[in-house]
Amino acid sequence: MKLFPYRITAATLLCLSAALCNPASASGGLSFGATRVVYPAGAQQTTFSVRNNSTDSTYLMQSWVETADGKKTSDFIVTPPLYTSGPGNENTLRIVSVGAPHAQGRESLYYLNVKAVPSADRSATDKGRASLMVASVMRIKLFVRPDGLQPARDKAADALEFSRQGGRLGIHNPTPYWLTLTGMKAGDKALNDVMVPPDASASVPLPAGAGSTVTWQSVNDYGGTDNGRSTVR
């Protein structure tokens with residue numbers, strides 16, 4: 001099996017896409033050690049694991065860090081930036097800070113990008129089967145967190161404030177953390193997922209007939225969810 005050119009059949013593409021959509025997946029394809037990275041602001045580096053669960057597929061892997069607006073940044077270096085992952089391989093990425101200044105008193109948001117390109121299936125090419133060149137990229141939130149933030153991270157979602165703003169639901173986050181809310185409902189009306197910046201506000205459309213009680217699930221540091229409930233002012 002050669003590493004170039006990188007090609008993938010349609011069936012393999014579906015399997016790879018499914019695996020990358022679920023970072024914690026332990027089935028075939030690629031899996032990741034976490035769904036998010038919490039980087040202590042004073043640390044020199046942290047690690048992130050990537051495993052190839054396949055028994056017969058090899059991937060060319062590339063990793064880098066972007067700012068929240070999707071631009072590559074030199075604030076962090078990921079090593080190795082490029083490597084080959086064979087069947088059953090588990091690799092550890094080191095995310096190294098170059099010492100760039102970050103906001104004090106609140107989290108800063110970055111994204112760790114992990115791109116996987118499958119190796120060519122020579123048998124499919126030799127038999128004339130159709131193949132498609134593709135690269136799949138998984139974006140993982142990377143939070144730079146200063147020491148001593150209050151309240152404790154597991155209490156942050158309890159401080160959220162909800163208010164009606166015409167046809168929208170306003171969500172104010174008075175805490176220093178980025179908070180991601182999923183599975184939100186106002187009464188029995190489903191609402192869009194949203195990520196609310198620290199010490200800032202966001203809003204989502206509020207359907208007609210929505211109730212005055214909001215329920216949600218807040219994504220925690222481990223990728224799990226904590227249930228929450230509040231009254232709309």
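**Overview. Buried and exposed residues across the predicted model.** A residue is called buried when its relative accessible area is under 20%, and exposed when that area is over 50%. By this rule, 44% of the 233 residues of the protein count as buried. The model is a predicted one. Its secondary structure comes to 2 helices and 17 strands. Contacts often reach far along the chain. Among those between residues at least 6 apart in sequence, 64% join residues at least 24 apart.

**View 1. The largest nonpolar core.** This core has 22 residues. Which of them touch the most other members? They are Phe 48, Ile 95, Leu 112 and Leu 142. Many strands feed this core. Strand 1 (30-32), strand 2 (36-40), strand 3 (45-52) and strand 4 (59-67) are among those that each supply at least two residues. Strand 5 (76-79), strand 7 (90-97), strand 8 (108-118) and strand 9 (136-145) each do so as well. Another core lies apart from this one. The other core has 21 residues, including Leu 160, Phe 162, Ile 171 and Met 184. In soluble globular proteins, nonpolar side chains tend to be buried together.

**View 2. Ile 95, a residue of strand 7.** Find Ile 95 in strand 7. Is Ile 95 buried or exposed? Its relative accessibility is 0%, so Ile 95 counts as buried. Leave aside residues up to four places away in sequence. Ile 95 then touches Val 37, Tyr 39, Gln 44, Gln 45, Thr 46 and Phe 48, among others. Its contacts also include Val 65, Phe 76, Ile 77, Leu 112 and Leu 142. Pro 80 makes a useful landmark. Ile 95 and Pro 80 are 15 residues apart along the chain, and their C-alpha atoms are separated by 9.3 Å.

**View 3. Strand 8 between two partners.** Strand 8 is mostly covered, with 10 of its 11 residues buried. Strand 4 is one partner. The two strands run antiparallel and are joined by 9 bridges. Here Trp 64 stands opposite Asn 113 of strand 8. Strand 9 is another partner. Strand 8 and strand 9 also pair in the antiparallel sense, over 9 bridges. On this side, Asn 113 stands opposite Arg 139 in strand 9. Now look at Leu 112. Beyond its neighbours within four places in sequence, Leu 112 is in contact with residues including Trp 64, Val 65, Met 138, Arg 139 and Ile 140. Val 37, Phe 48, Val 78, Ile 95 and Leu 142 are also among its contacts.

**View 4. Arg 153, a buried arginine in a loop.** Where does Arg 153 lie? It sits in the loop between strand 9 and strand 10 (161-165). Arg 153 counts as buried because its relative accessibility is 14%, and the limit for buried is under 20%. A polar atom of the Arg 153 side chain lies 3.0 Å from the backbone oxygen of Val 219. Leaving out residues up to four places away in sequence, Arg 153 touches Arg 145, Tyr 177, Trp 178, Leu 179, Val 219, Asn 220 and Asp 221.

**View 5. A cavity and a pocket at Arg 153.** How many cavities of 30 Å³ or more does the structure hold? The count is 1. About 40 Å³ of space lies in the largest cavity. Its lining is made by Arg 36, Glu 107, Phe 143, Arg 145, Arg 153, Trp 178, Val 219, Asn 220 and Asp 221. Arg 153 also helps line the second largest pocket. That pocket has a volume of about 150 Å³. It is lined by 13 residues, and the closest to its centre are Arg 153, Asp 154, Ser 218, Asn 220 and Asp 226. Strand 16 and strand 17 each supply at least two residues of this lining.

**View 6. The hairpin of strand 16 and strand 17.** Strand 16 (residues 213-219) and strand 17 (residues 225-231) run antiparallel, joined by 7 bridges. Val 214 stands opposite Ser 230 in strand 17. The hairpin has 5 residues between its strands. In the turn, Gly 223 has a positive phi of about 85 degrees.

**View 7. Arg 233, after strand 17.** Arg 233 belongs to the segment after strand 17. Its relative accessible area is 66%, so Arg 233 is exposed. Not counting residues up to four places away in sequence, Arg 233 touches Glu 161, Phe 162, Ser 163 and Arg 164. Thr 213 is 20 residues from Arg 233 in sequence, and the two are 9.4 Å apart in space, C-alpha to C-alpha.

Key
Residues numbered from 1 in each chain as written. Predicted model: local features only at pLDDT ≥ 70, side-chain atom pairs only at ≥ 80, totals over all residues. Heavy atoms only, no water. Core = buried A, V, L, I, M, F, W, Y, C linked by side-chain atoms within 4.5 Å. Buried < 20%, exposed > 50% of the residue type's maximum accessible area, 1.4 Å probe, protein only. Helix = DSSP H or I, 4+ residues; strand = E, 2+ residues; numbered from the N terminus. Contact = heavy atoms within 4.5 Å. Polar contact = N/O pair within 3.5 Å; in protein donor to acceptor, adjacent residues only side chain to side chain. Pairing = 2+ DSSP bridges. 1 Å grid on protein atoms, 1.4 Å probe; cavity = no way out; pocket = protein on both sides within 12 Å on 5 of 7 lines; lining within 4 Å. Points joined across faces, edges and corners; volume = space filled by probe spheres on them.
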